[in-house]
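Visitor: Please take me through a close look at one part of this molecule: the charged side chains and their surroundings. I would like the whole first, then the details.

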Amino acid sequence: MPDYVEHEEGVTRVGALSAEAVVRDYEAAAKEIEAMGAELINAAKRCEAMTAEVHNAIAFMRDTATSYREEAKKIFKRIEECSIFTEQVRKTCETVKLKMIDGKL
């Protein structure tokens, strides 16, 4: 019998047994409710852990996207620099060629 109840003085045997049976049923139900609460707490902890993992994954994705953009910027700049250099080389070659044709070289 749970410690939060005690028999009244003068209760009949049938009354005491009936009261004990009912309180044991209620106590069993209360323990099941507590167990469900514990399961709910565990589920919440798992959700919190999963949420933290999701936040970490999102941060990683953002960092990766930022890195890709930085790399794209470097490549973009490099290609444009090469294009400008190639154009300068072409113009220099054209100038030298014209000077050779004019006999000024």
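Guide: Start with a term: accessible areas come from the Shrake-Rupley method, with a 1.4 Å probe. Keep in mind, too, that this is a predicted model. By that method, the accessible surface of the chain comes to about 9,700 Å². Carbon and sulfur atoms own 61% of that surface.

Now the overall form. The chain has one helix and zero strands. Helix 1 covers residues 13-102. The C-alpha trace spans about 135 × 15 × 10 Å along its principal axes. The radius of gyration is 42 Å, whereas a compact globule of 105 residues would have one near 13 Å. Of those 105 residues, 5% count as buried.

One pair of residues gives a feel for the distances. G10 sits in the segment before helix 1. G10 is exposed, at 73% relative accessibility, because exposed means over 50%. Between G10 and E94 there are 84 places in sequence, and their C-alpha atoms lie 122 Å apart in space.

Next, the charges. The chain carries 16 positive and 20 negative charges. The mean position of the positive ones is 24 Å from that of the negative ones.

Which charged side chains pair up in salt bridges? Searching the whole structure turns up two such bridges. One joins R24 to E20, with N and O 3.5 Å apart. The other joins E87 to R90, where the closest N and O atoms are 2.6 Å apart. A salt bridge needs a side-chain nitrogen of Lys or Arg within 4 Å of a carboxyl oxygen of Asp or Glu, so the distance of 3.5 Å for R24 and E20 qualifies.

Both pairs have a simple link to the helix. R24 and E20 are four residues apart in helix 1, so about one helical turn separates them. E87 and R90 are three residues apart in helix 1, and here too the separation is about one helical turn.

How exposed are the partners? R24 is partly exposed, with a relative accessible area of 43%. E20 is buried, because its 17% falls under the 20% limit. In the other bridge, E87 is partly exposed at 33%. R90 is partly exposed as well, at 45%.

Stay with E20 for a moment. This residue lies in helix 1. Leaving aside neighbours within four places in sequence, E20 is in contact with M1 and H7.

Its partner R24 is also found in helix 1. R24 and E9 are 15 residues apart along the chain, and 20 Å separates their C-alpha atoms.

Now turn to E27, another residue of helix 1. What is the nearest side chain of opposite charge to E27, and how far away is it? That side chain is K31, at 4.1 Å. E27 has no salt bridge, because the limit is 4 Å and K31 is 4.1 Å away. Yet E27 is buried. Not counting residues up to four places away in sequence, E27 touches P2 and Y4.

Put the glutamates E20 and E27 side by side. E20 is buried and shares a salt bridge with R24. E27 is buried and has none. The contacts of E20 include M1, and those of E27 include P2.

Definitions and conventions:
Residues numbered from 1 in each chain as written. Predicted model: local features only at pLDDT ≥ 70, side-chain atom pairs only at ≥ 80, totals over all residues. Heavy atoms only, no water. Helix = DSSP H or I, 4+ residues; strand = E, 2+ residues; numbered from the N terminus. Buried < 20%, exposed > 50% of the residue type's maximum accessible area, 1.4 Å probe, protein only. Contact = heavy atoms within 4.5 Å. Rg over C-alpha atoms; globule rule 2.2 N^0.38 Å. Lys, Arg positive; Asp, Glu negative; His and termini not counted. Charge placed at Lys NZ, Arg CZ, Asp CG, Glu CD.
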